[in-house]
Every structure is written in structure tokens, then in C-alpha cells.
Amino acid sequence: MRITLPLLSTAVGLGLTVAVLGTGPAAVASAPQQHEVAHSAYLSTSAKADNAGNQAFFEAVLKSVAKRQANAPGAPSAAAAVTVYYSAANAPTFRTQIARSAQIWNSSVSNVRLAERSSGADFTYYEGNDSRGSYASTNMHGKGYIFLDYRQNQQYDSTRVTAHETGHVLGLPDRYSGPCSELMSGGGPGPSCTNPYPNATESARVNQLWANGFAAALDKALEKSAQR
């Protein structure tokens, strides 16, 4: 986990130890070459720059979901809970932990759901070793991804890190100065903080974003679809 660089963090797992993680499996899926919109250091000195990246990442996921729903059969609606699909195929070591993060968010919010999908996902998890640590980014083609660095997740509770990074997928910015009870305070409270749950304010904000922000994104996607 990098302490001074304004790159990202994310995550992996429940109950993984340093001995288990080691340096990761011999064969790992490397992340896309594009790291243009890196953001969200789990512990960063540049919250302003990180949060600009957070917004870009969220908007990429939002547009992906809106485009998919606009092209789906039937009359799309922004009123029902929206499903955001993720792929964990390129992070096999941490599939169980990623699923745990999705369960945490699904039990904490009502306007958006996270589900795994083998193809056509809105964002993807990758794993491996990277000197920049874990981070979230966009691939410059309207898709988001989260890279999970082994070493970083040996230093911090990886369930909290995973849930924190997934919070960026859902639109939340970093709040490094917050207490451990705030999921988006990330590594600010230190390695001893293991809380993987968003608080009531964070959950309410996600619900608001996916009720209002998604409605606007869907309107744009429907307009483009009608022009074809």
C-alpha cells in the first residue's frame, strides 16, 4: 500500500494472510495497459486529484449501465433498482472476497445492486503485483477496472479495502480524514481499522446517486439510441 503517492487502492479478501497471499499465483492476469485515469489511493496525500479520478471512474460505470439498459428489450426505467455487473474472472485469487464486498453493498443500499457476470460486465477486477499498489481506473473505452495489488492487501484489511474501492464504483469520493466508521476514510485510520461497512450517510448518498444520476445518464443513452 503506497502511503505518499496519489494512486489507488482496492482490494481483496476475507481472512487472507501474508503467508497465503505471498506474491500471488505464478500466472496472473495483467491489467489493461491504459492507466490514464488512475484514482483513489487507499491512503493518499492528494484527495482533490483522487476525487477527480473517482468521478471519472463512476461516470464510466454509470454510462455503461445506462447504455446496456437503454438497449435492453422492453421499456427501460430508472425507478427500479439498477444492476451493476462486475467480472472477477481476472482476479481468481480474490473472487470470494470480491463477492463478499458485493454482498456488503447489496445489504446496505436499495437503488443499485452488484452482481457477477461472465461477459458484458460494467467493470472488471484484476490482480497481480504493481509498484503503484492497488487502484481503480478507466480503460479510455468507457469501461472501469480495479487492480488488486498483493502486497498492498497484506498490509491493510483486504475486505475493507475491497468494499472501499467498490464504493468508488458506486460514486463515493475519498474522505481520508474520517473515522474508521466511515468506509470511504480508507487507510486514513490506519491498518488496525477493519470496518468493511458503509455508514448510513454513505449508503444514503449511493442511493441518491443511483436514483438521480442514473436517471440522467439513462435519458442521454435513450436519446442516442433513438437517433440511430
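Trainee: How much area does the chain expose, and what share do carbon and sulfur atoms supply?

Mentor: In this predicted model, the chain exposes about 9,900 Å². Carbon and sulfur atoms supply 53% of that area.

Trainee: And how many of the residues count as buried?

Mentor: The chain has 228 residues, and buried ones make up 50% of them.

Trainee: What elements is the chain built from?

Mentor: There are six helices and five strands. Starting at the N terminus, their order is α-α-β-α-β-β-β-β-α-α-α.

Trainee: What share of the contacts comes from residues 24 or more positions apart?

Mentor: Among contacts with a separation of 6 or more, such residues account for 73%. L209 and N111 show how sequence and space can differ: they are 98 residues apart in sequence, and their C-alpha atoms are 8.8 Å apart in space. L209 belongs to helix α6, residues 200-226.

Trainee: Why is L209 called buried?

Mentor: Its relative accessibility is 12%. Buried means under 20%, so L209 qualifies.

Trainee: What about Q152, and where is its place?

Mentor: Q152 is in helix α4, residues 152-155. With a relative accessible area of 1%, Q152 falls under the 20% limit, so it is buried. Its C-alpha atom is 9.1 Å from that of N129, which is 23 residues away along the chain.

Trainee: Let's turn to rings. How many aromatic pairs does the structure hold?

Mentor: It holds five aromatic pairs. One of them joins Y86 and Y125, with ring centres 5.8 Å apart and planes at 85 degrees.

Trainee: Why is that pair called edge-to-face?

Mentor: Take two steps. To count as a pair, the centres must lie within 6.5 Å, and 5.8 Å passes that test. For edge-to-face, the planes must be over 60 degrees apart; here the angle is 85 degrees, so the name fits.

Trainee: What makes this a pair that ties together parts apart in sequence?

Mentor: Y86 is in strand β1, residues 82-90, and Y125 is in strand β3, residues 123-128. The tied parts are therefore 39 residues apart in sequence.

Trainee: Are Y86 and Y125 buried or exposed, and what are the values?

Mentor: Y86 has a relative accessible area of 5%, while Y125 has 2%. Each value is under 20%, so Y86 and Y125 are buried.

Trainee: What kind of aromatic pair do F123 and Y125 form?

Mentor: That pair is edge-to-face too, with 5.3 Å from centre to centre and 65 degrees between the planes. Here 65 degrees is over the 60 that the name requires. F123 is buried, as is Y125. Ring pairs link Y86, F123 and Y125 into a cluster.

Trainee: What makes R117 lie over the face of Y85?

Mentor: R117 is 4.1 Å from the ring centre of Y85. The distance limit is 6 Å, so 4.1 Å meets that part of the test.

Trainee: How many salt bridges does the structure hold?

Mentor: It holds two. In one, E116 meets R95, and the closest N and O atoms are 3.0 Å apart. E116 lies in strand β2, residues 112-116, and R95 in helix α3, residues 95-106, so the bridge ties together parts 21 residues apart in sequence.

Trainee: What makes E116 and R95 a salt bridge?

Mentor: The nitrogen and the carboxyl oxygen must lie within 4 Å, and 3.0 Å satisfies that. E116 has a relative accessible area of 37%, and R95 is also listed at 37%. Buried stops under 20% and exposed starts over 50%, so both residues count as partly exposed.

Trainee: What about the side chains of R175 and E182?

Mentor: They meet in a salt bridge at 2.9 Å, N to O, which is within the 4 Å limit. R175 is partly exposed at 46%, whereas E182 is buried at 14%.

Trainee: Lastly, why is α5 described as largely enclosed by the rest of the structure?

Mentor: In α5, 12 of the 12 residues are buried, so the description follows. Among them are R160, H164, E165 and H168. Helix α5 covers residues 158-169 and reaches 17 Å from its first C-alpha to its last, close to the 16 Å expected. Just after α5, G171 takes a positive phi of about 110 degrees.

How values were computed:
Residues numbered from 1 in each chain as written. Predicted model: local features only at pLDDT ≥ 70, side-chain atom pairs only at ≥ 80, totals over all residues. Heavy atoms only, no water. Phe/Tyr/Trp six-rings, centres within 6.5 Å; stacked < 30°, edge-to-face > 60°. Helix = DSSP H or I, 4+ residues; strand = E, 2+ residues; numbered from the N terminus. Buried < 20%, exposed > 50% of the residue type's maximum accessible area, 1.4 Å probe, protein only. Lys NZ or Arg CZ within 6 Å of the ring centre and 35° of its normal. Contact = heavy atoms within 4.5 Å. Areas by Shrake-Rupley, 256 points an atom, 1.4 Å probe, with all protein chains shown as cover. Expected span 1.5 Å × (residues − 1).
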